[in-house]
Amino acid sequence: MIKVVISGALGRMGTTIGRIVDESPDMELVGGIDIREGTLYGTQVVPAEKLDELLKEKKPDVLIDFTIAAAAVENIKIAAQNNVALIVGTTGFSPEQRETIRTAIEGNVPAVISSNFSVGVNIFWKLVREAARELGDYDIEVTEAHHRHKKDAPSGTAKTILEILDQELGNREKVYGRVGETERKGEIGVHVIRGGDIVGDHSVLFAGNFECIEISHRAYDRAIFAQGAVRAARWVVGREPRIYSMQDVLGI
């Protein structure tokens with residue numbers, strides 16, 4: 001039985017993950033943390049400042065974190081100190097925060113960190129990489145859309161797309177939206193949409209003379225991210241202590 005603690009337990013992702021864990025015969029939800037107290041499927045949720053106390057008492061196998069960057073960094077450090085494996089879906093980390101996370105994890109606990117835990121998105125990233133290798137001389141535009149409450153922009157998934165393109169094509173200039181008189185050169189255009197309850201749409205357009213190729217992924221329910229995170233939680237327990245990606249989990 002894999003014992004799970006959820007960080008951000010009372011949020012939209014946290015409650016979805018909690019439901020999947022609660023319904024899984026091989027998992028046990030033993031606790032949660034959030035900015036306020038509460039319960040999640042009959043399990044106590046305590047304030048975030050009590051995470052260390054909770055981990056020492058419940059001794060979970062894995063902590064799943066979908067919060068905000070500043071909170072996640074502290075949660076990761078505390079989990080690593082308590083030898084608890086990690087699943088981190090939080091995005092928006094600064095380079096300094098990423099280094100703090102790396103130092104806390106490597107050699108101490110196994111962790112899967114991904115900007116997107118959807119199986120489909122990870123296949124989408126693979127297709128984008130393959131297309132970039134063949135279509136590097138095409139004009140490239142990246143577009144993403146999310147619900148009106150999402151704070152970071154571009155999304156973590158879009159940033160991963162840009163990292164993949166840089167890896168395959170070199171570091172090209174990024175232009176975030178366009179206004180006024182602009183002449184297109186070799187840049188990659190990036191466009192962000194925020195509105196309504198959009199779960200998550202991402203597309204990459206490769207535009208050449210007389211043809212366009214567009215690769216896209218559309219999420220209809222955040223359950224796909226939660227299912228991927230739970231799948232990663234099963235996989236990560238007992239692994240060597242280092243940082244893994246969702247593509248490691250999927251073997252792609």
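**Exercise 1. Work out how much space the largest pocket holds and what lines it.**

Solution. The largest pocket holds about 1200 Å³ of space. Here a pocket is an open set of points on a 1 Å grid over the protein atoms alone, where a 1.4 Å probe fits, with protein on both sides within 12 Å along at least five of seven lines; lining residues have an atom within 4 Å of a point. The model is predicted: local features need pLDDT of at least 70 and side-chain atom pairs count only at pLDDT 80 or more, while totals for chains, interfaces and linings use all residues. Residues are numbered from 1 along each chain as its sequence is written, and side-chain values use heavy atoms, with hydrogens and water left out.

Next, look at the lining: 44 residues, with Arg12, Met13, Phe66, Thr67 and Ile68 nearest the centre. Finally, α3 supplies the largest share, five residues.

**Exercise 2. Find the helix that gives the most to the largest nonpolar core, then trace the contacts of Ile87.**

Solution. A nonpolar core joins buried Ala, Val, Leu, Ile, Met, Phe, Trp, Tyr and Cys residues through side-chain atoms within 4.5 Å, and buried means under 20% relative accessible area (1.4 Å probe, protein chains only). This core has 33 residues, and Ile87 is one of those touching the most other members. The elements giving two or more residues include β1 (2–7), β6 (85–88) and α7 (223–236). Of these, α7 gives the most, with eight residues.

Now take Ile87: beyond its neighbours within four places in sequence, its contacts (heavy atoms within 4.5 Å) include Val62, Ile64, Val112, Phe117, Ala229 and Val236.

Methods. Buried means under 20% relative accessible area, exposed over 50%, partly exposed in between (1.4 Å probe, protein chains only). Helices (H or I, at least four residues) and strands (E, at least two) are DSSP runs, numbered from the N terminus. Grid points are joined across faces, edges and corners, and a volume is the space filled by probe spheres set on the points.
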